[in-house]
Every structure is written in C-alpha cells, then in structure tokens.
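User: I'm new to this structure and would like a close look at one part of it. Could you pick a sheet, walk me through how it is built, and then show me what surrounds it?

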Amino acid sequence: MLVVTYGKDIETNTYDTLRASDIGRYLESGMTVAIKPNLVVPSPAITGATTHPEVVEGAILFLKDFGVKNMKIIESSWVGDSTKRAFKYCGYQELADKHDIPLIDLKSDSSATYRHGEYEIEICDEAMNADFLLNIPVLKAHCQTKMTCCMKNLKGCIPDSEKRRFHTLGIHRPVAALNAVLKPGYCVVDSICGDLSFEEGGNPVESNRIIAGRNPLLVDSYCAELIGYLPDEIGYLSYGKTLGLGEFYSQETPVVELNTQNKPVHQTKSSRVSERFSSVICEDSACSACYSALVYALHRYGEKTVEISIGQGFKGRTGEGLGMGHCTAGFAKNVPGCPPKATDILAKLNKI
C-alpha cells in the first residue's frame with residue numbers, strides 16, 4: 001500500500017498521509033522511534049537537497065497523537081561535512097527544542113558489524129537499536145546512482161569510514177545489502193522539491209507531494225518512475241529485488257491519493273529549472289506534480305522536441321501537438337495520467 005498526498009501544507013499533509021496509511025499495523029505506542037531525515041549537507045530544504053523540517057514535524061505530531069513518547073532524530077551528513085551544522089541550518093535544532101526531542105549525530109555514535117551474504121556492514125547503534133525506524137528521505141536525482149530515496153537514505157546510518165568503503169565496493173550492492181539488515185518500520189518521502197540532478201541540491205523541481213509506504217523497495221520503485229527511471233535502471237533497486245527485499249511497484253499496487261483536487265498550480269517563472277525548457281513548454285495552470293514529471297523527463301531526454309502543452313487551462317481543448325496528463329486528453333498525442341509519470345513521458349517522446 002502507498003499513500004500519496006498533494007499540496008503545499010507540508011506539515012498537515014504529512015500528518016494526513018500517515019493517518020491514511022497502514023503504519024498502525026506495525027507501530028506501537030511504547031516503542032522508541034528513531035526518525036531518519038536526509039540532511040546530507042547544511043542546506044535549506046528549498047534547495048532540493050534536504051528533508052523539510054515541516055515533514056518531520058508532521059510525523060512527530062502524528063506519533064505523539066498515536067501515543068509514542070520516546071522519539072529521537074538521528075542523522076549523519078556526508079563525509080567531510082558537519083551533522084551539527086546541518087541540524088542548525090536546516091531547522092532541526094529549533095524543531096527539536098520545540099518538541100523536546102534529542103538530536104543524535106551518528107558521526108559520534110558507536111557501531112557494530114553485521115553480515116549479509118558477501119558483505120560485512122558496520123551500522124550505527126542508535127539506528128539498529130531503535131524499536132522503530134521512521135525513514136524520511138528526499139526524492140531527488142543523484143549524479144552517481146541516478147536517484148536517491150528510501151534505500152539510499154539509510155547510508156546515513158553507517159560510520160563515515162563505511163560510507164567511503166561503500167563507494168569502493170560500487171555503492172549499489174552494499175546499499176541493497178544494508179537494507180537487508182537495517183529495516184525501517186515505515187517510510188515517508190519528502191517529494192516537495194527534490195533536486196533535478198545532484199544530491200547536494202541547487203536545481204529543485206517543485207512537486208509538492210508526500211509519499212508513504214512500508215517497504216523501501218516498493219516505495220523507491222514507485223518514486224523512480226516519477227522522475228523518469230524504470231526501477232531496473234537503478235542498480236540498488238534491481239539488486240534489492242534479487243535479495244528478496246520486496247517487489248517493484250505495479251498497476252496492482254494499492255495507491256491511496258489525497259487532496260487530488262487541490263494539487264497546487266505550478267508557477268513557471270518561479271524556477272530557473274523550468275526556464276531551461278520554457279521554449280518548448282506551453283503551460284496554462286499546470287499542477288506542480290504534473291509539471292515536475294515533465295521537467296524530469298525533458299532533462300533526461302536532452303534534445304529539442306515538439307511543443308508540449310500542459311495544464312488545467314487546456315481542459316476541453318484540442319491540438320495537434322503533444323499534451324501532458326488528463327487535462328490535455330483532447331490532443332492528438334497525449335500522455336495520460338494525473339499526474340503522468342516521467343517514464344511514460346519519456347516513452348512518448350522517444351516514440352514520436
């Protein structure tokens with residue numbers, strides 16, 4: 001089961017997403033819950049690199065109402081940067097003070113070694129010893145692994161020396177093996193404005209979505225298609241499936257969508273990423289989730305193309321060009337969906 005909520009009220013939407021999910025089947029009020037955001041660098045969430053503190057706050061409020069009293073926020077920024085600086089500059093120190101929740105810098109944590117198959121993996125104790133790990137990554141593209149979301153976010157739960165070693169081992173297989181050992185209780189994906197191409201941020205693409213589900217492989221495979229990749233194109237997803245970590249998203253996967261009538265309208269001029277493609281996009285009141293799928297697809301396509309129409313302003317209209325989503329159903333060439341997936345847009349671009 002997946003739950004997807006649209007809109008700009010991040011805190012409320014996160015709360016509502018968890019309330020509509022099946023997290024209650026796995027969570028108990030007496031558990032100690034470790035919340036793991038993505039704070040890879042000390043950069044505000046609007047850059048597309050880090051988890052919005054509003055997402056974490058929505059989760060905290062849900063957990064409190066569920067009866068959970070013992071919570072902690074755990075993280076380790078990437079090698080060479082300071083987690084404590086990230087806590088401060090990303091708004092987490094203020095959040096922790098407000099809710100009286102400890103911030104745990106895993107760079108200072110003890111660790112133990114676990115084995116899975118051919119890999120011995122060192123994992124921080126605060127992550128392994130929690131009763132319930134709530135994984136809250138950012139959905140964004142990545143220059144090395146194509147994308148990063150739930151599964152790769154757990155790399156922040158290992159010591160810096162182990163992070164370096166993962167890269168020498170080729171990153172994909174050890175990430176999958178890590179997920180076979182360290183299993184989150186639930187995943188909540190910050191898909192508000194993930195970066196277009198790089199883990200460090202700087203090219204955010206506005207999507208305004210919260211996505212939640214139990215299985216990291218399932219959630220990641222769904223998210224991969226949203227930004228233009230088939231799951232098998234992501235090495236750690238493909239390998240994770242061979243390890244038996246779960247199944248890829250399919251049309252049979254139950255998906256609950258909330259606030260579909262309130263999908264925020266995209267403002268083309270507000271994003272320098274959008275401006276890169278303004279010469280081929282004809283936009284009229286496009287929802288941000290639909291527009292972001294198109295931007296991700298065009299970024300991957302990398303070529304000039306026909307004029308593309310997108311947005312609610314095209315409802316009931318016809319055209320000879322290419323239209324995006326249900327609002328352009330009357331066009332001669334159309335990519336269906338509300339929103340369409342970037343993978344479907346890419347397939348249509350390649351076909352025509």
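Analyst: The mixed sheet and its surroundings

Let's start with a pair of strands: β10 (residues 186-191) and β11 (residues 209-213) run antiparallel and are joined by 5 bridges. Within that pairing, S191 stands opposite R209 in β11. Keep in mind that this is a predicted model.

Now zoom out. β10 and β11 belong to an open sheet of 8 strands, ordered β4-β3-β2-β7-β10-β11-β1-β12, with mixed pairing. At its edges you'll find β4 (103-105) and β12 (255-258), each pairing on one side only. Going from one strand to the next, the twist averages 20°. Helices pack on this sheet too. Helix α1 (residues 10-20) touches β1 (2-6), β10, β11 and β12, and its direction makes about 155° with that of β1. Helix α4 (residues 92-99) packs on the sheet as well, touching β2 (32-37), β3 (70-75) and β4, with its direction at about 135° to that of β4.

Next, follow the strands towards the β4 edge. β2 and β3 are paired in the parallel sense through 4 bridges, and the partner of V33 in β3 is M71. Together with α2, these two strands make a right-handed β-α-β unit. From β3 you can step on to β4: that pairing is also parallel, over 3 bridges, and I74 has I104 as its bridge partner in β4. β3 itself is mostly covered, with 5 of its 6 residues buried.

The stretch between β2 and α2 (53-66) is worth a stop, and T50 lies in that loop. Is T50 buried or exposed? T50 has a relative accessibility of 1%, so it counts as buried, the cut-off for buried being under 20%. Its side chain reaches the backbone oxygen of S43 at 2.7 Å. Leaving out residues up to four places away in sequence, T50 touches a whole list of others, among them N38, V41, P44, C90, V138 and D190. That last one, D190, falls within β10 (residues 186-191), where we began.

What about the packing of nonpolar residues? In soluble globular proteins, nonpolar side chains tend to be buried together. Here the largest nonpolar core has 75 residues, and M147, C223, L237 and M324 have the most contacts inside it. Helix α12 contributes the largest share of this core, 10 residues. Look at C223: apart from its neighbours within four places in sequence, it is in contact with L139, M147, C149, V189 and I211. A second, separate core of 32 residues includes I10, L95, L134 and Y186.

A couple of backbone oddities come next. Most residues other than glycine have a negative phi, and most peptide bonds are trans. K146 isn't a glycine, yet its phi is positive, about 75°. You'll find K146 in strand β9 (residues 146-148), and at 33% relative accessibility it counts as partly exposed. I171 is another such case, with phi near 60°. I171 sits in the loop between α7 (160-168) and α8, and its 8% relative accessibility makes it buried. Just past that loop, helix α8 (residues 172-181) is mostly covered, with 9 of its 10 residues buried; H172, P174 and V181 are among them.

Finally, compare the other sheet. This open one has 4 strands in the order β13-β14-β15-β16, paired in parallel. β13 (281-283) and β16 (331-335) are at its edges with a single partner strand each, so one side of each has no neighbour in the sheet. Its twist averages 30° between one strand and the next. Strands β14 (residues 308-310) and β15 (residues 319-324) share 3 bridges, with S309 partnered by G323 in β15. Helix α12 (residues 288-301) packs on this sheet, touching β13, β14 and β15, and its direction makes about 160° with that of β14. Helix α13 (residues 342-351) also packs there, in touch with β14, β15 and β16, at about 135° to the direction of β16. On the way from β16 to α13, the connecting loop holds P339, and the peptide bond from C338 to P339 is cis, with omega near 5°.

Definitions and conventions. Residues numbered from 1 in each chain as written. Predicted model: local features only at pLDDT ≥ 70, side-chain atom pairs only at ≥ 80, totals over all residues. Heavy atoms only, no water. Pairing = 2+ DSSP bridges. Axes fitted to C-alpha atoms, helices over the stretch in contact; angles between N-to-C directions. Contact = heavy atoms within 4.5 Å. Core = buried A, V, L, I, M, F, W, Y, C linked by side-chain atoms within 4.5 Å. Buried < 20%, exposed > 50% of the residue type's maximum accessible area, 1.4 Å probe, protein only. Polar contact = N/O pair within 3.5 Å; in protein donor to acceptor, adjacent residues only side chain to side chain. Right-handed = clockwise from strand over helix to strand, strands pointing away.
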